[in-house]
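I sat down with this one to look up a helix, the cysteines and the empty spaces. Here are my entries, in the order I made them.

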Amino acid sequence: MNFKTRKLEPFGMLLEPTFSNQSIHSLDTENLREIFHTKQFLVLRGFKTFLNSNDFALYCENWGKISLWPFGKVLELIEQENPNDHIFHHNYVPLHWDGMYREYIPEYQIFHCVSAPNKGQGGRTTFSNTLLLLQNASKDFLNLCDNVTGTYLRKTDFYHSKVVSPIITKHPHKNYNVIRYNEIPSNEFGNFINYPELKFTGIDNKIEEKFHSSLKAALYSKNNFYAHTWEQNDVVIADNLTLLHGREAFLSKSPRHLQRVHVLSDPPVKNENLESYK
């Protein structure tokens, strides 16, 4: 292998160069894919990366077919002056899965850090490994979640969709269960822009609060949760079919700039939980 590895806790793998000025293009994608399917999460740090967003998109095509958005292949995640959605704000983003409101759900989330926040400015991207969570969950917890279904309605510039999904569901390609859940947003850290409509059925109203608090505690448990502190030129490849992800708040006007590309699996995962899509 032409890279060094270090295990991340509680899941994932950090890959670093073996020589100075080593390009990310020197890494064999199929080798990385094998590690990815075991670890669900890769951080490529210290490599020479991309000249521009087109160069980044070309790299991502090595991983599979890119899921196109109205804006193109690459989403520029940077704070906007007057955002109409929370992803372009500096507030936190609750745990969720990408593609939940679209026709196909990407397997690979590939991030590139163009510019990282300064130390102490926040902005870590958060990940919860729901495979680990379910493997270590108690019977009481599984019983609490087993029959619960979430209904999610959300409108943005890119879609207006309704999704109905069980909390615990089977991974589309692998023989294990995962959790599909959009964490209820909180205004604890300030105004939350573009609040989705959320409803949960299959659970008695008397214990619904317990359900959400128990699930949140499990998702954020140190046994299942990882928060990534960005460094410039970091490339992160995350398993969107197994993990949930979000973002911690960051200081407004800090130099946080990420790029993100969605790559579909082979075969692509059709969103069977999508009830309406515009």
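These notes go through a helix, then the cysteines, then the pockets and the cavity.

**Entry 1: helix α2**

I kept in mind that this is a predicted model. I started with α2, which spans residues 53–60. Which of its residues are buried? I found D55, F56, A57, Y59 and C60 on that list.

Next I looked up what covers them. The cover includes the helix α1 (29–39), along with the strands β3 (41–44), β7 (108–115), β15 (235–239) and β17 (257–263).

I also checked the N-terminal end of α2, and N52 caps it. A side-chain oxygen of N52 sits 3.1 Å from the backbone nitrogen of N54.

**Entry 2: cysteines**

How many disulfides does a search of the whole structure find? The search gave me zero. I wanted to see why C113 has no partner, and the distance settles it: the closest cysteine sulfur, in C60, is 14 Å away, too far for a bond. For reference, the cut-off for a disulfide is 2.5 Å between the sulfurs.

I noted the burial of two cysteines as well. C113 is buried, at a relative accessible area of 0%, and C145 is buried with a value of 0% too. C60 had already turned up among the buried residues of α2.

**Entry 3: the largest pocket**

I moved on to open space. The largest pocket holds about 590 Å³. Its lining has 38 residues, and those nearest the centre are I87, H96, D98, R154 and R260.

Which strands supply at least two lining residues each? I wrote down β4 (75–78), β5 (93–96), β9 (149–155), β16 (243–247) and β17. I had met β17 before, in the cover of the buried α2 residues. Sorted by class, this lining comes to 18 nonpolar, eleven polar and nine charged residues.

**Entry 4: the second largest pocket**

This pocket has about 220 Å³ of space. Of its 13 lining residues, I105, K170, P172, V269 and N273 are closest to the centre. The elements that give two or more residues here are β11 (168–170) and β18 (269–270). The class split is six nonpolar, three polar and four charged.

**Entry 5: the cavity**

Last, I looked for closed space and found one cavity of 30 Å³ or more. The largest cavity has a volume of about 40 Å³. What lines it? I listed L77, I78, E79, I87, H89, R247, F250 and R256. By class, that lining has four nonpolar, one polar and three charged residues. I87 was familiar to me, as one of the residues nearest the centre of the largest pocket.

Notes:
Residues are numbered from 1 along each chain as its sequence is written. This is a predicted model: local features need pLDDT of at least 70, side-chain atom pairs count only at pLDDT 80 or more; totals for chains, interfaces and linings use all residues. Side-chain values use heavy atoms; hydrogens and water are left out. Buried means under 20% relative accessible area, exposed over 50%, partly exposed in between (1.4 Å probe, protein chains only). Helices (H or I, at least four residues) and strands (E, at least two) are DSSP runs, numbered from the N terminus. Contact means heavy atoms within 4.5 Å. A polar contact is a pair of N or O atoms within 3.5 Å; within protein, one must be able to donate a hydrogen and the other to accept it, and residues adjacent in sequence count only if both atoms are side-chain atoms. On a 1 Å grid over the protein atoms alone, a cavity is a set of points where a 1.4 Å probe fits but cannot get out, and a pocket is an open set with protein on both sides within 12 Å along at least five of seven lines; lining residues have an atom within 4 Å of a point. Grid points are joined across faces, edges and corners, and a volume is the space filled by probe spheres set on the points. Ala, Val, Leu, Ile, Met, Phe, Trp, Tyr, Cys and Pro count as nonpolar, Asp, Glu, Lys and Arg as charged, and the others, Gly among them, as polar.
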